[in-house]
Amino acid sequence: MTTAAPSTAPTTDSTHRPALLEVDGLTVRFHLRDAVVHAVTDLSLLVRPGELLAVVGESGCGKSVLAHALLGLLPGNATVTGRAHLRPPGAAPLDLLDCGERRLAREVRGRLVGLVPQSPATALTPVRTGRRQVEETLRAHGHPRRDAPVLADRLAAEVGLDPADLDHYPHELSGGMAQRLVTALALAPDPPLLVADEPTTGLDRPLVDHTLDLLRRRCDAGGAVLLITHDLAAAQRVADTVAVMYASRVVERRPADALYAAPAHPYTAGLLDALPERAFRPVPGHPPMLTALPDGCAFAPRCDRATDVCRTPPAPEPRGPGRVACHHPLLPGAPA
Ligand SMILES: Nc1ncnc2c1ncn2[C@@H]1O[C@H](COP(=O)(O)OP(=O)(O)OP(=O)(O)O)[C@@H](O)[C@H]1O
Ligand code: SF4
Ligand SMILES: [Mg+2]
């Protein structure tokens, strides 16, 4: 795994709060025998305390790889470049891509950055009840043994589980119950940053809303959440900021209200048009293979605004709100 040099000053917002997470130029490649998968390319984003950033995009665009890169969970055939500075409150900043597996395991995973994994079945220990797993996590993060049962019940209720459900083994749980259990496990150490990768999979609508509102409340209480979802309605319900990924890149990252009111990138507009409550018209065509991306805009074959200039790369992936990586953005005056 290769990484770039650490950055200098933290990025701050108008209230001078430093970003809790600042990712700059993150690039992930998987090296196969006869091909290279461009899973994440030159990706930059910020998450501030109190902010919920939603990362959206079609299946296979690189959302989970982003999450796994931040937590050092990629397999051996991956190379990672870029920076990902975490600035936890009251602790020294660290570059998640450069701090080493030992520090990630001891200080970061769970404690500073919680992960709600996309596949609960593989994340749970099959031979221990949910309760034992939650109580062990609580104790490992400093809670006295005598407090663990009550805290576990409280966490269960928080994620919408009946506390009695904790007494089951993972194989006795439905997909939706296992999903809520891994959410409870991620919340147990109360990390300042929670990365939630499709945390509403398998839940019915009331529980989807329950989970989303739980994430929102964490942010309103000063925490930060990076929510990965293919559900644009979910993102609209709770996100402050939305980053739209297409074929390994963020193509638009803007405040949620503005993005939903007037998408700037043609792909974002297509995703919104596909919503049942809007035009209910799917984005035509299919995403490209990440082993064979074109030099220019990867969305061009599906884009009705494409011109010759789109054979050249659009502006580098943007960092500031209100930017879009497109030669012909939809918003009048938006920079290309
Ligand atoms: N270990 C790996 N080796 C090779 N390619 C991989 C590996 N892991 C992921 N990929 C590829 O990286 C790309 C991004 O995968 P990722 O899991 O991040 O997609 P995603 O956006 O999370 O999709 P979904 O919405 O279906 O979860 C995909 O093309 C995937 O096949
Ligand atoms: S750069 Fe061109 S092809 Fe790509 S989204 Fe913009 S207009 Fe469409
Ligand atoms: Mg995924």
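In the predicted model, Tyr246, Tyr267 and Phe299 come together as one aromatic cluster. Across the whole structure, a search returns 3 aromatic pairs. In one of them, the ring centres of Tyr246 and Tyr267 are separated by 4.5 Å and the ring planes are inclined at 55 degrees, so the arrangement is classed as tilted. Because Tyr246 belongs to strand E9 (residues 241-246) whereas Tyr267 belongs to helix H10 (residues 266-273), this contact ties together parts of the chain that lie 21 residues apart in sequence. Tyr246 is buried, at 4% relative accessibility, and Tyr267 is likewise buried, with a relative accessible area of 0%.

Tyr246 also pairs with Phe299, here in an edge-to-face arrangement with 5.1 Å from centre to centre and 85 degrees between the planes. This second pair links distant parts of the chain, since Tyr246 is placed in strand E9 and Phe299 in the loop between H10 and strand E11 (323-324), 53 residues apart. Phe299 has a relative accessibility of 3% and therefore counts as buried.

Turning to the metal site, the magnesium ion (ligand 3) has as its protein donors the OG atom of Ser64 and the OE1 atom of Gln118, which lie 2.0 to 2.2 Å from the ion. These donors link distant parts of the chain, with Ser64 in helix H1 (residues 63-70) and Gln118 in the loop between strand E6 (113-116) and helix H3 (120-123), 54 residues apart. Ser64, at 19% relative accessibility, counts as buried, because the cut-off for that class is under 20%; Gln118, by contrast, is partly exposed, with a relative accessible area of 38%.

Definitions and conventions. Residues are numbered from 1 along each chain as its sequence is written. Chains are lettered from A and ligands numbered from 1 in the order in which they are written. This is a predicted model: local features need pLDDT of at least 70, side-chain atom pairs count only at pLDDT 80 or more; totals for chains, interfaces and linings use all residues. Side-chain values use heavy atoms; hydrogens and water are left out. Donors are N, O and S atoms within 2.8 Å of the metal (3.2 Å for Na, K and Ca); water is not among the atoms, so sites may look incomplete. Helices (H or I, at least four residues) and strands (E, at least two) are DSSP runs, numbered from the N terminus. Buried means under 20% relative accessible area, exposed over 50%, partly exposed in between (1.4 Å probe, protein chains only). Rings of Phe, Tyr and Trp (its six-membered ring) pair if their centres lie within 6.5 Å; planes under 30 degrees apart count as stacked, over 60 as edge-to-face and the rest as tilted.
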